[in-house]
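Q: Could you take a close look at one part of this protein for me? I'd like to start with the charged side chains and then see what surrounds them.

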Amino acid sequence: MEPTYISYICKCGKEFVLLNEDVKIQEKLNRYISCPFCNSRKVRKEKVADTVKECMRSRSYKRVKGAIIEKI
């Protein structure tokens, strides 16, 4: 079984998680993956996991008004 989530990190230092299915669809359409924060195309694959919790284990997060934000 393939992993469900892929974690990416951008040159701006922010991390984001995408579904594996969405990444495959973008590759089929010859589109690129960009950072949702700074729109940079320079992202690198950090971690592949089955759950979001595994992807976010290396960093600490908190919930603010329903959104998950990285603690500084």
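A: Let's first fix what counts as a salt bridge: a side-chain nitrogen of Lys or Arg within 4 Å of a carboxyl oxygen of Asp or Glu. Keep in mind that this is a predicted model. By that rule, the count comes to 1 salt bridge. The partners are E46 and R44, with their closest N and O atoms 3.8 Å apart. As for how open they are, R44 counts as exposed because its relative accessibility is 52%, and the cut-off for exposed is over 50%. E46 is partly exposed, at a relative accessible area of 43%.

Now for a residue that touches both of them. S7 is in contact with R44 and E46, and, leaving aside neighbours within four places in sequence, also with E15, F16, V17, K45, K47 and C55. S7 sits in strand 1, which covers residues 5–10. S7 has a relative accessible area of 0%, so it is buried.

Step back to the sheet. Here 3 strands make an open sheet, ordered 2-1-3, with antiparallel pairing. Strand 2 (15–19) and strand 3 (43–49) are at the edges with a single partner strand each, so each has one side without a neighbour in the sheet. From one strand to the next, the twist averages 30°. Strands 1 and 2 pair in the antiparallel sense over 5 bridges, and I6 has L18 in strand 2 as its bridge partner. Finally, helix 1 (residues 20–28) lies across strand 1 and strand 2, running at about 80° to strand 2.

Conventions. Residues numbered from 1 in each chain as written. Predicted model: local features only at pLDDT ≥ 70, side-chain atom pairs only at ≥ 80, totals over all residues. Heavy atoms only, no water. Helix = DSSP H or I, 4+ residues; strand = E, 2+ residues; numbered from the N terminus. Buried < 20%, exposed > 50% of the residue type's maximum accessible area, 1.4 Å probe, protein only. Contact = heavy atoms within 4.5 Å. Pairing = 2+ DSSP bridges. Axes fitted to C-alpha atoms, helices over the stretch in contact; angles between N-to-C directions.
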